[in-house]
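Trainee: I have a model open and would like to learn how to read it. Could you take me through it one feature at a time?

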2 protein chains.
Amino acid sequence: MRAITLAIASVFAAAAPAAADYMVKEVGSFHVGGRTETLSGLPTKEIVFSPGAPPIKVDPNGEFEVEQMYVQYVKLAQPKGRVPLLLWHGGGLSGVTWETKPDGKPGWQQFFLNAGYDTYVSDAVERGRASWARYPEIFKGEPFFRAKKEAWELFRIGPAYEVGGKRETFEGQQFPVEAFDQFGKQGIPRWATNDAATQKAYDALVQKVCPCIIVVHSQGGNFGFTAALNAPDKVKALIAVEPSGAPDPEKVEAAKVKGVPHLIVWGDNIDKHAVWPRIAANPIKWAQAIASAGGKVDTFDLPKMGIKGNTHMLMMDKNSDDIAKLVNEWIGKQGLVN
Amino acid sequence: MRAITLAIASVFAAAAPAAADYMVKEVGSFHVGGRTETLSGLPTKEIVFSPGAPPIKVDPNGEFEVEQMYVQYVKLAQPKGRVPLLLWHGGGLSGVTWETKPDGKPGWQQFFLNAGYDTYVSDAVERGRASWARYPEIFKGEPFFRAKKEAWELFRIGPAYEVGGKRETFEGQQFPVEAFDQFGKQGIPRWATNDAATQKAYDALVQKVCPCIIVVHSQGGNFGFTAALNAPDKVKALIAVEPSGAPDPEKVEAAKVKGVPHLIVWGDNIDKHAVWPRIAANPIKWAQAIASAGGKVDTFDLPKMGIKGNTHMLMMDKNSDDIAKLVNEWIGKQGLVN
């Protein structure tokens, strides 16, 4: 009996994961969507490849793949979530939004993997590993770059950021300000002219991997709301974290998504910001239209729930796990977890 | 006894992974390196954010984080590799090189995870999730975009690619040509002026996560050889897959890396290409210099070993696992696997 007991003990010792360990079936990635574009008639350019070397002639013409998006998945051996969780970032950012936080602590991807969901973290058209195309020939217009001052103020970390000087925070705000420069490294140039191509790629992703739950942030809000409209049978729940836009219920029939449970999550200090009350107005209006059509829409207005100080980047805030837990419980209530 | 036997069986059933499953401790990411750049005095631009909307004034000035790189890791609960494996991509590409192959089959990241290594897959400065900076104010020069014809011919899939027409392959070549357009979606614009910043970020990565094994591809070759020179105590082995450059042994002392085992891997059809014999010459010369200094350098010249038809992108070729197995055995011989 002693030998058997020891054998059992050693099986447990080898097999039992630590609290945070999980069995993975596959880590993988793919590009989805996009099209081939052919450039011709552009003049040859001289490019200096290495400092001091003679210039080399480069022909910019030819065929290129453009407007695809990048998706990376982690599939668990035994997921608890009945469908995978897709995580869509906001404007001027990439899928890194959902990974390890700028302060080095686990982000929402890690939280939801530990909670038992297959996760799909993507980079939208034009950003990160999705790549970007020559402009103005393919992408129209030009890219723009978000300065740290804009990120600080627009993302409601605080009311004022002085270049090279004082960074003023909102009282009790939750962003790990010591990691703000690290967060600045996550910024990605953006275009204002790629919305249609981005929606098309997201819709292709939904067709490829759903049924699913979609979590969207900020600019991803409108893409997520629209993806649900375009495939209400495939989107089993939509969680919009601080969405910055939404369809107009006077132009689009909200009843189409009445079978898709929606959750909207808002952080703190919206009323203290010059622009945010106006940004939030459209998603609030869209949520009301879905509810009026007989759909299910819940709202987590965090400060009203007693959770104070959350910024626009609440998945990176110090209490990000607390909010993820609330979201996870809400998903559970939709019958989407085994 | 029957109850105990059943108990043991159920423990095994719950714990035993499928052949490809593995226990993960953490999936995470970070940015490393980089610096703050301040732009001032640039004129405000008018940008149309949505088609038909009035232009909005955007101030391009301010503080930006630039020249960082992105690194994503998968840490195993019980790695067999004594040190992690870092995977560095080539020019005009990103870390996607090492992930799922364009034909949807598992790539080298997956192979080495299954073989028991912690993996760190990165995007170098200017590419993918590392992001890029405004030019010509911060990045000097301008980006260029690789057309599919150049990729087909330079990567030795075949001798000729006609735009919109016939794609001629080398006889018996191993690239999954039906997935070539999918591969085209992985391309990332590049600059010719960021070598110093890229090396600096790679060196910072080595200081942060090594001791390690580094696997480099193509343009990554020179960055990897130089990283080993800059930290020979931290780099326990360097595997250069089709390196496109190397330090000059007349300028740099190869003896510095005589304690770092090097492996160089070459695909097929180099002699049939106009440029590749010249590209390969410098890495071959560097390898000879390390050997002459008493260092350990092995070369896998695949066609000489009877493995035919491999392209420059051999980690995506149909026989990629066979080559990974050879590399893994070589690592084992360096005493780096438990």
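Mentor: Happily, and we can begin where the chains meet. 100% of the interface residues of chain A are also interface residues in chain B, so the copies meet through the same surface. Contact here means that the C-beta atoms of two residues, placed from the backbone, lie within 7 Å. This is a predicted model, in which local features need pLDDT of at least 70 and side-chain atom pairs count only at pLDDT 80 or more, while totals for chains, interfaces and linings use all residues. Residues are numbered from 1 along each chain as its sequence is written, and chains are lettered from A and ligands numbered from 1 in the order in which they are written.

Trainee: How many residues does the contact take from chain A and from chain B?

Mentor: It takes 66 residues from chain A and 67 residues from chain B. The elements giving two or more residues to chain A's side include helix H1 (2-15), strand E1 (22-39) and strand E4 (62-76) of chain A. E1(A) supplies the largest share, 13 residues. Helices (H or I, at least four residues) and strands (E, at least two) are DSSP runs, numbered from the N terminus.

Trainee: Which strand of chain B is joined to E1(A) by bridges?

Mentor: Strands pair if DSSP finds at least two bridges between them. Here three bridges join E1(A) to strand E1 (residues 22-39) of chain B, and the two run antiparallel. Met23(A) has Met23(B) as its bridge partner in E1(B).

Trainee: What turn lays chain A on chain B?

Mentor: Two copies of a chain are related by a rotation about an axis and a shift along it. For this pair, a turn of 180 degrees and a shift of 0.0 Å along the axis lay chain A on chain B with an RMSD of 0.0 Å. That is the relation of a two-fold axis. The superposition is by least squares on the C-alpha atoms of residues with pLDDT of at least 70 in both copies.

Trainee: Now inside a chain. What share of the residues of chain A count as buried?

Mentor: Of its 338 residues, 49% do. A residue is buried if 20 or more other C-beta atoms lie within 10 Å of its own, exposed if 12 or fewer, and partly exposed in between. Chain A has eight helices and twelve strands.

Trainee: Which helix would show me burial at work?

Mentor: Try helix H6 (residues 220-230) of chain A: eight of its eleven residues are buried, so it is largely enclosed by the rest of the structure. Among the buried ones are Phe223(A), Phe225(A) and Ala227(A). The buried residues of H6(A) pack against several elements of chain A, including helix H5 (195-209), strand E9 (212-217) and strand E10 (235-241).

Trainee: And which residues cover the faces of E11(A)?

Mentor: In strand E11 (residues 262-266) of chain A, five of the five residues are buried. His262(A), Ile264(A) and Trp266(A) lie on one side, with Leu263(A) and Val265(A) on the other. Four bridges join E10(A) to E11(A) in parallel, and Ala240(A) stands opposite Ile264(A). E11(A) also pairs in the parallel sense with strand E12 (residues 297-301) of chain A, over five bridges. There, the bridge partner of Ile264(A) is Thr299(A).
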